[in-house]
Amino acid sequence: MKIGIVCYPTFGGSGVVATELGKGLAKLGHEIHFITYSQPIRLDFFNENLYFHEVDIQSYPLFRYPPYESALASKMVDVVKHEKLELLHVHYAIPHASAACMAQQILKGQGIEIPVVTTLHGTDITLVGKDPSLAPVVTFSINQSNGITAVSESLKQETLSLFDIEKPIEVIYNFIDLDRFKNTRKDHYKKAICRQGEKLLVHTSNFRKVKRLEDVVKIFRKVRQKIPVKMLLVGDGPERTSIERMCRKLGACEDIRFVGKVEAVEDLLPLADGFLMPSEKESFGLAALEAMACEVPVISSNAGGLPELNLHGKTGFLSEVGDIDGMANNTLKMLQDDQLPVFKANALQRARDFSLSNILPQYESYYYNIIELFYKEKKG
Ligand code: GMT
């Protein structure tokens with residue numbers, strides 16, 4: 001199949017899923033064309049089936065806001081026509097689904113028919129998309145898509161409750177490349193951070209409000225009052241400065257290390273004994289799955305799709321959003337020497353359910369179904 005993939009090329013989960021999906025499909029022999037404003041972060045290897053088309057936006061003094069959506073739609077038209085694509089798969093509804101919808105209409109006017117699949121990732125629905133300033137366009141463009149997928153059952157249900165959706169939504173979970181994310185047992189690195197044999201906790205995110213970084217630090221502090229422990233905060237974003245300030249104020253700087261954005265996060269995760277994800281909202285929790293694949297159990301909130309991934313009392317623990325005491329107590333329970341190896345093994349076992357080899361064929365057969373349905377409907 002010749003597939004166009006549209007996504008955000010940054011560190012965010014939706015971009016990672018889209019890029020890894022494209023890479024996986026290319027390895028299976030499909031021709032994959034990424035259409036985005038810069039080279040996707042994880043598009044880091046050569047494969048003869050992978051192509052990248054950059055969306056360039058004209059700047060003009062009149063524009064207060066650059067017309068990205070129009071530029072993207074125009075690029076989609078161009079790539080579909082010249083590369084003879086058979087399907088467009090857009091990740092994150094805003095503005096990708098509406099741009100795809102426009103491209104589809106333009107192409108139709110030129111006698112070219114192409115189905116569009118939209119994958120909903122989370123904040124495009126639960127935070128940004130439901131805002132009245134965007135909801136009508138989001139609803140329209142989701143309904144115009146020929147196929148809709150959501151990354152968890154929870155996100156599917158939330159989408160159905162927030163928008164007037166007229167088409168079935170298929171749940172296809174986030175996935176993980178177990179060859180890349182695994183326990184590489186780099187104990188010597190861990191000793192460099194935890195010199196006295198302390199336990200190590202990790203949090204990775206885009207440091208946005210929704211991730212509740214303050215809770216991460218508060219949980220860590222409570223755990224540190226009981227056992228020797230260190231913490232790595234991986235990533236960067238709007239909350240970083242205030243969280244660094246908070247750490248200083250609490251005198252926790254020497255035990256909490258801000259690592260910044262790390263491309264090869266799979267090198268860091270195996271060092272950890274526990275992963276903290278107290279998010280306000282989380283449609284799936286790809287970062288937690290990455291940790292689990294490296295045999296790191298998860299202390300998380302029970303927001304969104306997290307209970308579909310993190311099994312309470314088995315692969316870690318779930319608590320209500322904001323329950324700092326609960327999360328700290330659960331962390332202490334999980335880190336006990338006789339418990340930790342069991343949690344670690346369970347985390348890996350659960351991660352295997354979401355392996356690339358399990359999930360990729362689901363996307364593949366979904367594409368074939370949508371294409372078949374699309375042409376059946378056209379014939380009438
Ligand atoms: O977590 C973020 O803020 C990034 C966001 C994105 O769209 O890039 O992640 C969302 O999509 C991921 C991939 O499907 C999911 O694993 C994350 O749970 C989801 N984030 C939220 O729902 C907050």
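What radius of gyration would a compact globule of 380 residues have, and what does the chain have? The globule value is near 21 Å and the chain has 22 Å, which agrees. The radius is taken over C-alpha atoms, and the rule is 2.2 Å times the number of residues to the power 0.38.

This is a predicted model: local features need pLDDT of at least 70, side-chain atom pairs count only at pLDDT 80 or more, and totals for chains, interfaces and linings use all residues. Residues are numbered from 1 along each chain as its sequence is written, and side-chain values use heavy atoms, without hydrogens and water.

**Overall fold**
- The C-alpha atoms fill a box of roughly 70 × 45 × 40 Å along the principal axes.
- Of the 380 residues, 57% are buried (under 20% relative accessible area, 1.4 Å probe, protein chains only).
- Among contacts (heavy atoms within 4.5 Å) between residues at least 6 apart in sequence, 70% join residues at least 24 apart.

**His 312**
- His 312 sits in the loop between α11 (306-309) and β13 (316-319); helices are DSSP runs of H or I, at least four residues, and strands are runs of E, at least two, numbered from the N terminus.
- His 312 counts as exposed because its relative accessibility is 52%, and exposed means over 50%.
- Val 298 is 14 residues from His 312 in sequence and 9.4 Å away in space, C-alpha to C-alpha.
- Leaving aside residues up to four places away in sequence, His 312 touches Phe 317 and Leu 318.
- A polar side-chain atom of His 312 lies 2.9 Å from the backbone nitrogen of Leu 318.

Note on methods: Polar contact = N/O pair within 3.5 Å; in protein donor to acceptor, adjacent residues only side chain to side chain.
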